[in-house]
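Colleague: I should like to learn how to read burial, overall shape and surface patches in a protein model. Would you take me through them in turn?

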Amino acid sequence: MLRKLLLASAAGMGLLLLVTAALLMAPLPMTPGVGVSGDFLVRNVAVVDVGRGAVRHGQDVVLRDGRIEAVRPTGTAQPDGSLTTIDGSGKYLMPGLWDMHTHALKISPQYTHPLFIANGVTGVRDMSGCMSEPDSFLACIEDRQAWNRALERGESLAPRYVLQTGFKINGGAEVPEGYPAFFKARNAAEVRQLVTFYRHAGADFLKTYSELTPANYQALAVEARRQGLGLAGHRPLRVPLQDMLAAGHRSVEHPRMFYEECFPGAAAFRALPDPAAAYDTALRWRMVNEHDSRQCADLMAVMARSQTWWTPTLQVLGMGARAGDEAFRTDPRLKYVPVLFTRLLWTPDADRMAVQPMDADGREQYTTLYRMAVGHVGQAHAAGVKILAGTDAGDTYVFPGFGIHDELVEFVRAGLTPADAIRSATLDAAVFARLDDDFGSIETGKAADLLLLDANPLDDVRHTRRIAGLFFSGKYLDRAALDELLAFAEQQAGSVRTNLHLLWGGLSSPLLRVQAAD
């Protein structure tokens, strides 16, 4: 009897392995090719001028070969039988949105791409990548370049990956065993090899991270500048922000920057042998209670005079502030996130953050820090600091595609006008990428990546969510087509095959294993 049970169990396990192998070997479905190709006349539409923060009513906009051919008062455009007319009456036309802090995965065509396009996100700056080996989980420069080429050929729908980077540079512990030693960037020779490698790989900038030493950061800055690459990423904990500004750092990421720098103990904290180990509850309360607004104002003034931009990604900090809120935790958009992410990553992460440290006055630490960071965004903007809209898409409760609209709401809550917030995700994003000759505003000759909205976003920034249609890469996607993309993303999020690919990719990724062990 036992022998029969063992044989049946072995047979069942063998069948399960065969089914699993078959699911892993079968290619995943690609983002559906929805939309209508052609040339278009958007008649009698209100054009959102993001440069001036104003609306021009009663415009006819001609789109040909995926570009803006003309913007004229209604009735002055010459009739052309080759154009498909879209009635823009009562609607608003604005540039497509760019998310300037994302993380692409191998399964992005099944997960993030349909969500980005359905939400009018036509461009992204990806802040992740690989080293010298292809990765089974993370998208590499080659993957993103291939998606760009497929988009240009009309073979698939994906946002434009407008800038390229590789894996984070973090002092060496992030480098898996067996990878070239130069990725550790411990000395001038390794730094030179690393920068050269990424330049040949097609990177536009190098991603800095928290554990870089001041000496190695400066070596990277010098060599990157010599080879024509930029630096962007986290502020290394031991590097003063002013040193990064002087080094020409292109953009600093995430919301903690100013409250970490604006208290009297900041220099002593940076001088510790291991600042990350000291970054505990007591230190964070010091950052709150000893916050020096004058020190912050002076630092913001210096940053405003520099060429460095800030991508606050406020939702990253907002998650901790809201993790105990049932409505936040049951967001209906969870249906678009792979089940594996929500169960293994998002839910445990939010559970940990829901238990907030409190002080004697009843203040909750994560909520207090989040509110402080929101205030800093408003103050920095008023001081002239250049701000980009980015989300850290895919981080806990940061929904790809939807998140850019959430971030714009955060910016308005911080004190930006709707026009300022929208500009951070359109024209300013294109200026940062040095692509404003082609993108970021509605002007003759520029790419026709445009959102058709049912309401004026300058009246209420939440109206960027009211998308009636999208012009993108020579196609028009009406509301039904956009909904088809959302349905595809929802189906893939619950798909056994897609989640198996995700799990296997994660388990097989040396980069992810090292990161998980850190």
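Colleague: What percentage of the residues in the protein is buried?

Modeller: Buried means under 20% relative accessible area, exposed over 50%, and partly exposed in between (1.4 Å probe, protein chains only). Here, 57% of the 518 residues are buried. Please note that this is a predicted model, in which local features need pLDDT of at least 70 and side-chain atom pairs count only at pLDDT 80 or more, while totals for chains, interfaces and linings use all residues. Residues are numbered from 1 along each chain as its sequence is written, and side-chain values use heavy atoms, without hydrogens and water.

Colleague: What radius of gyration does the protein have?

Modeller: The radius of gyration is taken over C-alpha atoms, and the globule rule is 2.2 Å times the number of residues to the power 0.38. For 518 residues, a compact globule would have a value near 24 Å, and the protein agrees with 24 Å.

Colleague: Which residues make the nonpolar surface patch?

Modeller: Patches join residues with over 30% relative accessible area and no salt bridge (a side-chain nitrogen of Lys or Arg within 4 Å of a carboxyl oxygen of Asp or Glu); like charges are joined within 9 Å, nonpolar side chains (Val, Leu, Ile, Met, Phe, Trp, Tyr) within 5 Å. In this model, Leu344, Leu345, Leu503, Trp504 and Leu507 form a patch of about 520 Å². Helices H13 (339-354) and H19 (496-508) each give two or more residues to the patch; helices are DSSP runs (H or I, at least four residues), numbered from the N terminus. H19 gives the most, with three residues.

Colleague: How exposed is Leu503?

Modeller: Leu503, in helix H19, is partly exposed because its relative accessible area is 35%.

Conventions
Accessible areas come from the Shrake-Rupley method with a 1.4 Å probe; for residues, only the protein chains shown count as cover.
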